[in-house]
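Reader: I am in my first year of study and should like to look closely at one part of this protein. Could you please take me through its nonpolar core and what surrounds it?

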Amino acid sequence: MALKLYYHPLASFCWKALIALYETGTPFEPRLVDLGDPDARAHFLKLWPIGKFPVLRDEAKGLTIPESTIIIEYLARHHPGEATLLPMDHELAWRTRLKDRFYDLYVHEPMQKIVTGRLRPAGRNDPHGVELARAQLATSCAMIEREMADRSWAVGDSFGMADCAAAPALFYANKVAPFGDSHPHVARYLDRLKERPSLARVLEEAKPYFKMFPEQNAAS
């Protein structure tokens, strides 16, 4: 198969790429990488020395495409599928890219900082950094709460790339800093995202790995 996705089922940024692939129905070969396995790690680092997920390999073109946003943009241009995740309308397109960046930088990254703080051994964590991440996440959720009061999706009237970014970011953020009681519009938005067959499939595939996440109720 021409397209191969190197990923891990628990990795949140991998979810973003997987959701896009499932939404568009684009055929691809999943390549699960266990970085704890020396051979698998060596092979992956040869492909992408940075060593971060996800990475798309287009064998037909001989191209290696890293970063979830770039993967989605690449797919939209070179392997368009059943759904359009990046609008053709220029106004909606830049707004979609802005919201994609917002969810990655101001929801996803602080969420990951909190998770990393829980995974690090005592004495090697960063309490101040985690405190700042929680503050950033609170600010971001307040902004999303206002925006989602009168809309169903992040941008426009249909599911798009920004929603692909929002889904894993909000799912995991709700585990480390639950927002259901304080931000009902954000919670309902997450519920809509979880009802998408694409995210439901990602969650099902991730179930065997949720025990690795530092939350007992990560699969709920």
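Author: The following account begins with the core, turns to the helices and then to the strands. Please keep in mind that the model is predicted.

The largest nonpolar core has 67 residues. Those with the most contacts inside it are Leu5, Trp15, Tyr103, Val107, Leu170, Tyr189 and Leu193. Helix H6, residues 161–176, supplies the largest share of this core, namely 12 residues.

Tyr189 deserves a closer look. Leaving aside residues up to four places away in sequence, Tyr189 touches Tyr103, Met148, Ser152, Trp153, Ala154, Asp163, Ala166 and Leu170. Tyr103 and Leu170, also listed above, are thus among the contacts of Tyr189.

Next comes the packing of two helices. H6 and helix H7, residues 184–195, pack at an angle of about 115 degrees, and their axes are 10 Å apart. On the side of H6, the contact is made by Asp163, Ala166, Ala167, Leu170, Phe171 and Asn174. On the side of H7, Val186, Tyr189, Leu190, Leu193 and Lys194 take part. The crossing in which H6 passes H7 is left-handed.

Two polar residues are also worth examining. Asp100 is found in helix H4, residues 90–119. Because its relative accessibility is 1%, Asp100 counts as buried, the limit being under 20%. Beyond residues up to four places away in sequence, Asp100 touches Lys16, Thr69, Met161, Ala162 and Ala165. Asp181, by contrast, lies 25 Å from Asp100 in space, C-alpha to C-alpha, and 81 residues from Asp100 in sequence.

The second of these residues, Ser140, lies in helix H5, residues 127–147. Ser140 counts as buried because its relative accessibility is 0%. With residues up to four places away in sequence again set aside, Ser140 touches Phe102, Tyr106 and Val107. Val107 is one of the residues with the most contacts inside the core.

The strands complete the picture. Strand S1, residues 3–7, runs parallel to strand S2, residues 29–32, and 4 bridges join them. Between S1 and S2 the chain passes through helix H1, residues 12–24, in a right-handed β-α-β crossover. Within this pair, Lys4 stands opposite Glu29 in S2.

Strand S3, residues 55–58, and strand S4, residues 63–66, pair in the antiparallel sense over 4 bridges. S3 and S4 form a hairpin with 4 residues between them, and Gly62 in the turn has a positive phi of about 65 degrees. Asp58 stands opposite Leu63 in S4.

Definitions and conventions. Residues numbered from 1 in each chain as written. Predicted model: local features only at pLDDT ≥ 70, side-chain atom pairs only at ≥ 80, totals over all residues. Heavy atoms only, no water. Core = buried A, V, L, I, M, F, W, Y, C linked by side-chain atoms within 4.5 Å. Buried < 20%, exposed > 50% of the residue type's maximum accessible area, 1.4 Å probe, protein only. Contact = heavy atoms within 4.5 Å. Pairing = 2+ DSSP bridges. Right-handed = clockwise from strand over helix to strand, strands pointing away. Axes fitted to C-alpha atoms, helices over the stretch in contact; angles between N-to-C directions. Left-handed = near helix turned anticlockwise from the far one by under 90°.
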